[in-house]
There are 6 protein chains.
Amino acid sequence: MKISARNILKGKVKEVKHGMVDTEVDIELPGGGEIVSVITKHSAETMKLAKGKEVYAVIKASNVMIMVD
Amino acid sequence: MKISARNILKGKVKEVKHGMVDTEVDIELPGGGEIVSVITKHSAETMKLAKGKEVYAVIKASNVMIMVD
Amino acid sequence: MKISARNILKGKVKEVKHGMVDTEVDIELPGGGEIVSVITKHSAETMKLAKGKEVYAVIKASNVMIMVD
Amino acid sequence: MKISARNILKGKVKEVKHGMVDTEVDIELPGGGEIVSVITKHSAETMKLAKGKEVYAVIKASNVMIMVD
Amino acid sequence: MKISARNILKGKVKEVKHGMVDTEVDIELPGGGEIVSVITKHSAETMKLAKGKEVYAVIKASNVMIMVD
Amino acid sequence: MKISARNILKGKVKEVKHGMVDTEVDIELPGGGEIVSVITKHSAETMKLAKGKEVYAVIKASNVMIMVD
């Protein structure tokens, strides 16, 4: 399976916080950084996301902004 | 200046590819990974993005999906 | 600090409605209009968003659609 | 016709810049501010967007970030 | 009223699940497929979305990714 | 491979229009409808998208708006 999104970052779930509709998922990256995702609670539960699970953060290039000092 | 976007990843511009309206910017992350961004050509030129420049990739949490094997 | 997002609208927080994961923030614009934002509750709390606070609504150009009568 | 997007800002087209796939549309707001949109060239041509045309900028609340000084 | 979003899919509301800020809306498509949307609770209530209501799912082309086997 | 995006619609490529940075891909759905996607040219070429190829349109629920008459 290949997806057009250009950014696929491998990491491990650090924390899962469920809301009623959405769920926040904090992901630890190997280099020490972190990625935060908000997906639907349905997906978080279906994918059995829990602390320690290996996941990929997937981000479309057009959703990445750039900031400079 | 603080922004609500939860994902701010520091890196260095690796490559800039201009289109007529958009520009693709490939960013090298310290850990060896890469982030690809598509912003408007106007912004890329205004921010003088070029190979080697230090930048931050900024991504709203609601734009991060999760994939599992 | 400069960000590639082309739309940065200055305004004042009118109302903050927290959910469990997300927070809705209604922003009054100087011209009398209003902008509604949904960000993570974590960010809304970290940025101490409350009625009357001066903020900027930041919107990437590729997230703006156009409608005509 | 009613749409769920919470942000619908009335304005006038100031400039249209076509690319091969995308088109950048700069919109003047009554209060003097400006909104920049990137839509597909197909839509820009179908909607006959040109300088002076009255339009609405439509933005989903979840695509609005917040920045503070 | 014409909108620049290229994807407008007609369907019927199958289920509405309210959160505190967001609402998930499941939409049945005529061909038997389904589309899931997350909008603000405010919009879902204002539009009186309920099972059986005829609606359109509206999606900007730049928010559609592509996957292949 | 499982992805959190709730909307995965199977179809066939009808047309591919390359720009310099982006590519527009029109996808025919089995029920007769159509989905239009804009992805990076790099992804469109890497995935060898061409007329007749079987693909999936992938859309995050938070990117689906709702419209009513």
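This passage looks at how chain A and chain C fit together in a predicted model, and then at a patch of methionines on the surface.

Two copies of a chain are related by a rotation about an axis and a shift along it. For chain A and chain C, the rotation is a turn of 120° and the shift along the axis is 0.0 Å, which lays chain A on chain C with an RMSD of 0.0 Å. That is the relation of a three-fold axis. The two chains don't meet through matching surfaces, though: just 20% of the contact residues of chain A turn up again in chain C, so the copies use different surfaces.

As for the interface itself, 15 residues on the chain A side touch 12 residues on the chain C side. Putting the two chains together buries about 1200 Å², and 65% of that lies on carbon and sulfur atoms. On the chain A side, the residues that lose the most area to chain C are Glu24(A), Met65(A) and Met67(A), which together account for 36% of what that side buries. Salt bridges don't feature here, with 0 found across the interface of chain A and chain C.

Then there's the surface patch. Met20(A), Met20(C) and Met20(E) come together as a nonpolar patch, with about 310 Å² of accessible area between them. Taking the chain C member, Met20(C) sits in the loop that links strand E2 (7-18) to strand E3 (22-28) of chain C. Its relative accessibility is 45%, so Met20(C) counts as partly exposed.

Methods: Residues are numbered from 1 along each chain as its sequence is written. Chains are lettered from A and ligands numbered from 1 in the order in which they are written. This is a predicted model: local features need pLDDT of at least 70, side-chain atom pairs count only at pLDDT 80 or more; totals for chains, interfaces and linings use all residues. Side-chain values use heavy atoms; hydrogens and water are left out. Copies are superposed by least squares on the C-alpha atoms of residues with pLDDT of at least 70 in both. Contact means heavy atoms within 4.5 Å. Patches are made of residues with over 30% relative accessible area and no salt bridge: like charges are joined within 9 Å, nonpolar side chains (Val, Leu, Ile, Met, Phe, Trp, Tyr) within 5 Å. Accessible areas come from the Shrake-Rupley method with a 1.4 Å probe; for residues, only the protein chains shown count as cover. A salt bridge is a side-chain nitrogen of Lys or Arg within 4 Å of a carboxyl oxygen of Asp or Glu. Helices (H or I, at least four residues) and strands (E, at least two) are DSSP runs, numbered from the N terminus. Buried means under 20% relative accessible area, exposed over 50%, partly exposed in between (1.4 Å probe, protein chains only). Buried area is the accessible area (1.4 Å probe) that two parts lose on being put together, summed over both.
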